[in-house]
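Trainee: I have a fresh model open and would like to talk through its charges and its core. Could we go one question at a time?

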Amino acid sequence: MKKRAFATAIATAIAVIIGVSALLSSCSEASSTDITAYSLEYYIVLPEYMGITLDDESIEVTDEDVAEAAEELIEEHTGTAKLSDGQALIEGDVINMNYTGYIVGDYEEYSDGDVFSKCTWSSGYELTLGSGSFIDGFEDALIGCAVGDTVDIYIDFPKDFTDSPQLAGVSTHFVVTVNSATRDYTPEYNDEFIATYTEYSTVEEYEAAVYEELRAEADETELARYYYDILTYLKSNSTVLSYPEAVVEAYVEELMENIEETYGVTIEEYLTLSGMTESELEAELTAEAEESLLEKMIFYRIAELEEVTVTDEEYEEGLEKYASAYGYSDADDFEDSAGVALATEIILSYKILGIIYEAASIAG
């Protein structure tokens with residue numbers, strides 16, 4: 001089985017927390033722009049969040065899902081094999097051949113023994129047996145022959161043969177040499193196949209493990225949906241009294257710098273290129289800052305009210321748990337890239353969402 005990245009769905013569901021907040025993390029060095037330095041009860045009023053009712057997001061894992069995983073495994077090990085000399089041909093084989101076609105008998109346009117068709121190229125001619133590419137009877141005559149054989153095939157062209165009217169009703173003799181052949185193969189789905197290509201010994205063991213993995217993935221996806229629903233509820237029902245101006249200004253300034261670094265232009269040049277006025281740009285960036293700050297204020301206000309913190313153990317576990325979900329190679333890479341403050345904020349956000357989820361009831 002292929003191992004999926006843990007919590008990818010959850011990461012997607014609340015990626016906005018990380019994606020936008022990452023730029024704010026550089027502003028949190030000074031206490032004047034650190035959101036945690038503000039008395040958040042004066043800035044935001046939260047809705048009731050403990051004991052809320054969430055819509056049912058449960059996902060069923062079916063026998064069809066398990067069968068699909070098994071089919072993917074079979075397909076992964078399905079391929080093409082070159083046949084050995086002497087190995088008999090079957091329908092579906094792709095052969096490489098040379099041939100010469102002779103006329104049998106005398107006709108208006110042909111005499112007995114005339115060559116009317118041939119392939120003597122060094123590269124040969126490829127034909128899939130059973131494709132119907134050649135005249136009826138030609139491909140059937142090759143089935144059962146072997147790689148390396150030279151075969152005599154006698155065929156009468158149909159009297160109503162229209163592709164080459166001069167051959168209509170003509171008797172022919174093909175001399176065909178089978179140079180090589182390949183065959184698509186599909187392994188049989190049985191205990192031997194499972195033991196060869198997986199860590200399991202039987203089909204039963206494999207399918208049980210597939211079910212457990214799919215169930216775990218479904219559980220992660222369900223949780224991601226619940227977390228997303230909680231975040232949406234909190235954002236939609238919170239009332240912002242005001243935003244900390246110093247934080248907003250610092251973030252807007254940071255975004256301005258990012259524009260210059262990203263596009264390699266000054267703000268004045270960027271405004272000319274974008275067709276925006278300075279006030280329009282500031283309004284856009286301010287809205288972006290406030291959107292991010294809304295989430296930060298929600299989580300940090302709940303952390304205050306519920307006295308939620310991230311312990312050293314939870315921090316280390318969080319780094320390990322979420323590193324791959326956000327595209328980092330390992331915990332150290334996650335911490336180095338995000339920084340301790342932002343990594344802590346991410347882990348805290350998950351913890352708060354988990355607390356609210358555990359206290360919630362599921363509709364139905």
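Trainee: Is Glu68 buried, partly exposed or exposed?
Mentor: Keep in mind that this is a predicted model. Glu68 sits in helix H3, residues 63-76, and belongs to a surface patch of negative charge whose members include Glu64, Asp65 and Glu71. Its relative accessible area is 45%. Since buried means under 20% and exposed over 50%, Glu68 is partly exposed.

Trainee: Moving on to charge pairs, how far apart are the closest N and O atoms of Asp93 and Arg183?
Mentor: Asp93 lies in the loop between strand E3 (79-82) and strand E4 (94-104), while Arg183 is in strand E8, so by DSSP runs the pair links distant parts of the chain, 90 residues apart. Asp93 counts as buried, at 0% relative accessibility. A salt bridge needs the nitrogen and oxygen within 4 Å, and here the closest N and O atoms are 2.7 Å apart.

Trainee: Which residue meets Arg215 in a salt bridge?
Mentor: Side chains of opposite charge can pair when their charged atoms come close. Arg215 is buried, with a relative accessible area of 19%; its partner is buried too, at 13%. The N to O distance is 2.9 Å, and the partner is Glu222.

Trainee: Which residues are joined with Glu304 into one network?
Mentor: Glu304 and Arg301 both lie in helix H9, three residues apart, which is about one turn of the helix. Their closest N and O atoms are 2.9 Å apart, forming a salt bridge. Glu304 is partly exposed at 35% relative accessibility, whereas Arg301 is buried at 16%. Salt bridges that share partners join Glu304 with Arg301 and Glu41.

Trainee: Now for the core: which helix gives the largest share of it?
Mentor: The largest nonpolar core has 57 residues, and Leu281, Ile302, Ile352 and Ile356 touch the most other members. Among the elements that give two or more residues to this core are helix H6 (203-237), helix H9 (278-306) and helix H12 (340-359). The largest share, eleven residues, comes from H9.

Trainee: One last thing: what separates the C-alpha atoms of Phe334 and Tyr322?
Mentor: Phe334 is found in helix H11. With 1% relative accessibility, Phe334 falls under the 20% cut-off and therefore counts as buried. Phe334 and Tyr322 are twelve residues apart along the chain, and their C-alpha atoms are separated by 8.3 Å.

Note on methods
Residues numbered from 1 in each chain as written. Predicted model: local features only at pLDDT ≥ 70, side-chain atom pairs only at ≥ 80, totals over all residues. Heavy atoms only, no water. Patch = residues over 30% accessible without salt bridge, like charges linked within 9 Å, V, L, I, M, F, W, Y side chains within 5 Å. Areas by Shrake-Rupley, 256 points an atom, 1.4 Å probe, with all protein chains shown as cover. Salt bridge = Lys/Arg side-chain N within 4 Å of Asp/Glu carboxyl O. Lys, Arg positive; Asp, Glu negative; His and termini not counted. Charge placed at Lys NZ, Arg CZ, Asp CG, Glu CD. Helix = DSSP H or I, 4+ residues; strand = E, 2+ residues; numbered from the N terminus. Buried < 20%, exposed > 50% of the residue type's maximum accessible area, 1.4 Å probe, protein only. Core = buried A, V, L, I, M, F, W, Y, C linked by side-chain atoms within 4.5 Å.
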